[in-house]
Amino acid sequence: MATTPSPAHPTRLRRTLTLWDLILYGVIVIQPVAPMSVFGVLSERGHGHVVTTILIAMVAMLFTAVSYGRMARAYPSAGSAFTYVGQEINPALGYVTGWSMVMDYMLNPMICIIWCSQQANVFAPRIPYGVWALFFAAVFTLLNIQGVKTSARVNTALAIGMGVVIAIFFVAAARYVFGSPHDGAAFFGRPFYDPHLWNLPAVLGGTSVAVLTYIGFDGISTLSEEAENPRRNILLATVLTCLVIGILSALEVYAAQLVWPASEPYPNVDTAFTFVAGRAWAPLFAVVGFTLVVANFGSGMGAQLGAARLLYGMGRSKALPQSFFGVVDPRHRVPRNNVLFVGVLALGGAFLLPAVAGEATGYELGANLLNFGALIAFMGVNAAAFVRYYLREADKKLGNLLPPVLGFVICFLLWWNLSAKARVFGAIWMALGIAVGAWKTRGFRGNLIDFELPPEEA
């Protein structure tokens, strides 16, 4: 029988994740094939300039990534944005930020279960959607309960598998492009700039969608207490993940635009990339579809891992009931209660969202709500980085001013341009969280959060 740790020495998370593990985690959560599912939408919104929108979005997200990395250096704990804002600005604002992140992190595994289940139902229509949803929710939960190293090994396998498919697509695309007639050097430059299709407002509108390609990199900071040398590795992993995803995504959509020029309409905008892959090499039509299922599988599992650790940080700080959310399983060193809690909610949402919004728009509604919470958290982290590294520093360096300010402004503009339905549902969620906080503190007159930072390890 396992012994119960004494209150004086509670069970803590174990530092086992290397820089490589953190990068793999971030890449899998974001997905190496992230631009494939939104390729058609980006092409329509950006008038064919998908590569340009991806690269602009990468620069924009790098500002926020720097802020995340710097704040993780100051506070290497599992609370992420919740801890940063609460410690640097105000505990009540930290609670609000954490509440917005709860919505973000809860919805990510939820919409991944929806997408995987719907696609799997296409491959095996005799198995009902509900059975697939139960299957994926159970697998996500069981793997995450086994411990963070098990999840890291699964992430490695997923990254290798998706890397092979991407490599095959690049080879097939190159053979198709160089084996087909085109009009010289200008053909290879049109994905970046096509004078016949260029429209600046359209490109900027496409960029607001392209930012979704990078949503999820912030999950790396929730693993700060399980990372080796977190003050160095969290910053490096966060920035490198954005760079890796940005460059890889730009290469993928560049090849796709050469195979299928923007001047030609797609049979289906939502699944445009599968048609592109099928044109490059017919078997890739099915292979890419299956790969996107695998990608969402990895993303959902990683998001559940991040959600569990966010709830652990809030539970340990008493923003949520500590006896349930602030407990670590002594055997696997994971917040098991939180993993199970997120799994149950994600499964329930996988049935609820399609019923409320309809199967065609359930995933879209979930994705918009996810961005509502994510962008609030991004703004909070940029504000915390500005306060700590610029306002409170005697030496006012430009390098400590520009990244958080630019990151905050960009995230606010993106948040402001979310759909009306997302803003309404998001506002209801935030109002509920504020009401809970007001009830706990009798109108915010008491202590809302009792921050407990982990001891430094040599």
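This is a short talk on a helix pair, the cysteines, one buried tyrosine and two loop residues.

Keep in mind that the model is predicted.

Let's begin with helix packing. Look at helix 2, residues 34–45, and helix 9, residues 200–210. Their axes lie 8 Å apart. The packing angle is about 160 degrees. Angles over 145 degrees count as roughly antiparallel, so helix 2 and helix 9 are roughly antiparallel to each other.

Which residues of helix 2 and helix 9 make the contact? From helix 2, we have Val41, Leu42 and Arg45. From helix 9, start with Ala202 and Val203. Then come Gly205 and Gly206. Ser208, Val209 and Ala210 complete the helix 9 side. By class, this contact has six nonpolar residues, three polar and one charged. Glycine is counted among the polar residues there.

Next, the cysteines. How many disulfides does the structure hold? Zero. As a reminder, a disulfide is a covalent bond between the sulfur atoms of two cysteines. Now take two cysteines, 242 and 411. Cysteine 242 has 0% relative accessibility, so it counts as buried. Cysteine 411 is also at 0% relative accessibility, and therefore counts as buried.

On to tyrosine 68. Find it in helix 3, residues 50–74. Is tyrosine 68 buried or exposed? It counts as buried, because its relative accessibility is 0%. Now bring in phenylalanine 217. In sequence, tyrosine 68 and phenylalanine 217 are 149 residues apart. In space, their C-alpha atoms are 9.3 Å apart.

Last topic: backbone angles in two loops. First stop, glutamine 31. This residue sits in the loop between helix 1, residues 19–30, and helix 2. So we are back at the helix 2 end of our packed pair. Glutamine 31 is not a glycine, yet its phi is positive, about 90 degrees. Its relative accessible area is 9%. The cut-off for buried is under 20%, so glutamine 31 is buried.

Second stop, asparagine 229. Where is asparagine 229 found? In the loop between helix 9 and helix 10, residues 230–259. Here too phi is positive in a residue other than glycine, with a value near 50 degrees. What about accessibility? Asparagine 229 is at 43%, so it counts as partly exposed.

To recap the two loop residues: glutamine 31 is buried, whereas asparagine 229 is partly exposed. And for the helices, remember the roughly antiparallel pair, helix 2 and helix 9.

Technical notes: Residues are numbered from 1 along each chain as its sequence is written. This is a predicted model: local features need pLDDT of at least 70, side-chain atom pairs count only at pLDDT 80 or more; totals for chains, interfaces and linings use all residues. Side-chain values use heavy atoms; hydrogens and water are left out. Axes are lines fitted to C-alpha atoms, for helices over the stretch in contact, and angles run from 0 to 180 degrees between N-to-C directions. Helices (H or I, at least four residues) and strands (E, at least two) are DSSP runs, numbered from the N terminus. Angles under 35 degrees count as roughly parallel, over 145 as roughly antiparallel, 65 to 115 as roughly perpendicular and the rest as oblique. Contact means heavy atoms within 4.5 Å. A disulfide is a pair of cysteine sulfur atoms within 2.5 Å. Buried means under 20% relative accessible area, exposed over 50%, partly exposed in between (1.4 Å probe, protein chains only).
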